[in-house]
Amino acid sequence: MIANNHIISRDGLSRRRFVMGASSVLLLSALPFSKASLAQAVSQGLTVLSGKVFNLSIDYKTVNFTGTDTLATVINQSIPGPVLRWQEGEKVTIRVKNNLAVDSSIHWHGMILESKMDGVPGISFEGIKPGDTFEYQFMIEQSGTYWYHSHSDFQEQTGMYGAIVIDPKEADPVTFDQEYVVMLSDWSDEKPEDIYAKLKKMSGYYNFKERTASNVIDDIKKNGVINTFKARSMWNKSRMSDRDLSDVTAYTYTYLMNGNTPEQGWQALFNKGEKIRLRFINSAAMTIFDVRIPGLKMTIVASDGQNIQPITVDEFRMGVAETYDVIVEPDTEQAYCIFAQSIDRSGFAVGNLTSDLSLTAKIPMLDDAAALAHSDMGMNMKGMDMSMPDMKMPNKVGMDHSSHNMMPEMKSEPAMNMSKMPDMNNMGVGMLGLAGFGSNNEIKHLSSEFGAHVDMRVDAPRSGLNDPGIGLRKSQQLFGRKVLTYADITGLKPTMDKREPTREIQLHLTGNMSRYMWSVNGVKFADAEPLHLNYGERVRITLVNDTMMIHPMHLHGMWSELETGNPDFIPKKHTVLVQPGSKVSYLVTADALGAWAYHCHLLFHMPGMFRKVIVS
Amino acid sequence: MKIKLLIGSFVMSFSSLVFNASVYAGAQDDPLLTKVMIDQVEIDTGNENAVAWSAQAWVGYDLNKIWLKTQGERAEGETETAEVHALYSRAIAPFWDLQFGIRQDLKPSPSNEWAVIGLQGLAPYFFEIDTALFVGENAKTALRIEAEYELMLTQKWVLSPEIEANFYGQNDDVTGTGSGLSDIEAGLSLRYEIVREFAPYIGINWSKKFGNTADYAAEQGQEKSQTQLVLGFRAWF
């Protein structure tokens, strides 16, 4: 099963050094003086704390990322907070002191632990009151790259996040010479409450890539008046914008890499011929990033902390809260640009992977922003330009030609990947699809999904697995870049729980974009009953995205075992991107007693698109 | 009286707004917000003493809000028309709010009171619609339909055609309005959004009175139709 032996070896510890970033003193002397003269415009490294006992403090701190002093909430005086380096098999104690004037909390994202240590106020504990110290203590029973963040108010947006790196008890199957954490985030001088209020008053407030008259004229020149009108008709009727890729953009955000602005530019050193492990973490509040390193192939070895069968790509998308571990092997002495552009292409976080600190890689141009296709609304319309020529659209299965609720006159059809499905006759579990292959249940909209609070429903969602996603579908065709898809991800270790799911829970991600309301099955968190899982059961959760936004869904406490078509090596994730108008399924073994949070990790979707899960 | 009943239901609806469960595991989902929109403050370039305004404000939650609306005109230092609406607004469809409450016409005097039932929202093809039926004392009725479209020339320049039509159920000597279609006002404005919240504009307004309203105007020696070049601004916060 090990595809890439020069990277993965199960025997023998690898030689490695852990470097979080070059020291600023070294940089000052090594950089050209124009840059060195700007004392602030210098790459900041991350602090690393290791051991078994940790003391963290949450404080207010004035920071300046944009030229304006702004009050942040910080962990141990820095953004990001310190990297916590743990060892699998050990018990860690983390004392967190809250020096804020309001309640706070820290949630250990992706960690499998007791419910009361999970750090979600109102679900796992009461939160940390001002002036109080909370002692977290838990066994580390996993390894890999994770992160932590506040789960109170919008504190994550104002700087409360940091990386977790856990060394495995056994030999690391991934060998490397050096490693760096690459933590991506988004910073705004605006208060997050103000951003949220603006979105509620005008949902397109931050979008300065709206369709304009000149786009319409271009379309008319290219396709004629009638076809342009037809192509626009669905958007016009549904009153939605096909340019709505990101609710919050670089208009207010400055994108950070390990706490460095693009002007500062984070720096990482390598020696020629070394294997460098980059531990990418998307700790942004609202920004989905597309990552690439021009000139280097990236071999992805882990997703959400869990090792996967290595896959080499040129580009990958990081949903908010996802982590990807990547091996690169630069073989020439030069500077390479670590380029993470926001999904809407309004800005980027950037760093320099260089053999010499005096070298700086050229920063690539932002790619063009894409527009949503009709298929992103759960529609697959015949005779219309899908604007996605490189999409892997396997054998379309023409079943259940149900009409889309917004466009009763247009027929849509599901486009599911049947190529990997086993013979239908062999299905022994009634209506449920076999473990590893996802759902074949009917899509049902509950009555709670109808009303002023929900602006669209998708009757024929496609599988989100093979789709690189909006803005990346043409990467192969236009730039020759291979882009990671979920279908490419296969677990490195065999599936632990090989039972078939005994039931399936279909959850619809719903919302009203213009009113900026978000919910699950049309019911917002404040009004929702908890979702119950039976202790010990193997259950399938199928998420149906009835919106035009991507939602990174995060289940606390238990793995989301993503069904990508290989039942024997199901990859385990903690955060799963659900693409617009698409569905995705994963299996969950409900082995964690207690109450857990389950929500969209986009910070401004989370208040509504949230469920409490009770395992009992 | 009808209006008092309406006010009663209005107050009751508002009290149901005030309670809002807080969400503990993160930030508050549906906070109490306010928005003030000055859609129009403009002067007539042909007559700089003539000023027109139109503004709205709401306070409330995602689906339930209190709206205040006002519009009017001043000329030669005197307020010619001025009306204020206070409405309870409830979302009835993804893009539509049903609104009901009261309208008080401060000018021309003596003042008129109306009960209001309105529908405000976004129609397919992105037409912003604000339409209301008014019922006043002695079974007086009026209907107003407003529609606006925003064509984005660039991310900052917006060309916006707008139309308003008023209908009345009866003749009214005092206000000079006649039954049936009374007047139509059409405008085309070009604005530049310096920031989202503030945009100066230049516009052309054309208005015409019809039927009995036109006859009233003729009696008063007023023009039946009028074209104005206006300068103004839009703002919201």
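Reader: What sign does the phi of Arg239(A) have, just after helix 4 of chain A?

Author: Arg239(A) has a positive phi there, of about 60 degrees. The model is predicted: local features need pLDDT of at least 70, side-chain atom pairs count only at pLDDT 80 or more, and totals for chains, interfaces and linings use all residues. Residues are numbered from 1 along each chain as its sequence is written, while chains are lettered from A and ligands numbered from 1 in the order in which they are written.

Reader: What makes a stretch of chain A count as a helix or a strand?

Author: A DSSP run does: H or I over at least four residues for a helix, E over at least two for a strand, numbered from the N terminus. Chain A has five helices and 35 strands.

Reader: How do you know that helix 4 (residues 213-238) of chain A is not straight?

Author: Set its span against the expected one (1.5 Å times one less than the number of residues). A straight helix of 26 residues would span 38 Å, but helix 4 of chain A spans only 19 Å between its end C-alpha atoms.

Reader: Where does helix 4 of chain A bend?

Author: At Gly224(A), by about 115 degrees. That is the angle between axes fitted to the seven residues ending there and the seven starting there.

Reader: How do you know that strand 3 (residues 53-63) and strand 6 (residues 91-98) of chain A pair?

Author: Pairing needs at least two bridges found by DSSP. These parallel strands of chain A are joined by six. Ser57(A), for one, has Lys97(A) in strand 6 as its bridge partner.

Reader: What is the sense of pairing between strand 3 and strand 4 (residues 70-75) of chain A?

Author: Antiparallel, again over six bridges. Here Asp59(A) has Val74(A) in strand 4 as its bridge partner. The two strands form a hairpin with six residues between them. In its turn, Gly67(A) has a positive phi of about 105 degrees.

Reader: Which strands stand at the edges of the open sheet 2-5-10-9-7 in chain A?

Author: This sheet has five strands and mixed pairing. Strand 2 (48-50) and strand 7 (107-109) each have a single partner strand, so one side of each lacks a neighbour in the sheet. The twist averages 25 degrees from one strand to the next. Strand 2 runs parallel to strand 5 (residues 83-87) of chain A, with three bridges joining them. Ser50(A) stands opposite Arg85(A) in strand 5.

Reader: Why does strand 13 (266-269) of chain A count as an edge strand?

Author: The order in that open sheet of five strands is 13-21-20-15-18, with mixed pairing. Strand 13 and strand 18 (316-318) each have a single partner strand, so one side of each is left without a neighbour. Strand 15 (residues 289-292) and strand 18 of chain A pair in the antiparallel sense over three bridges. Val291(A) stands opposite Phe316(A) in strand 18.

Reader: What makes two residues of chain B and chain A count as in contact?

Author: Their C-beta atoms, placed from the backbone, lie within 7 Å. The contact takes 27 residues from chain B and 35 from chain A. Strand 4 of chain B gives the most to the chain B side, with three residues.

Reader: What share of chain A is buried?

Author: Buried residues (20 or more other C-beta atoms within 10 Å of their own) make up 54% of the 616 residues in chain A. Among contacts in chain A between residues at least 6 apart in sequence, 77% join residues at least 24 apart.

Methods:
Axes fitted to C-alpha atoms, helices over the stretch in contact; angles between N-to-C directions. Buried ≥ 20, exposed ≤ 12 C-beta atoms within 10 Å, placed from the backbone.
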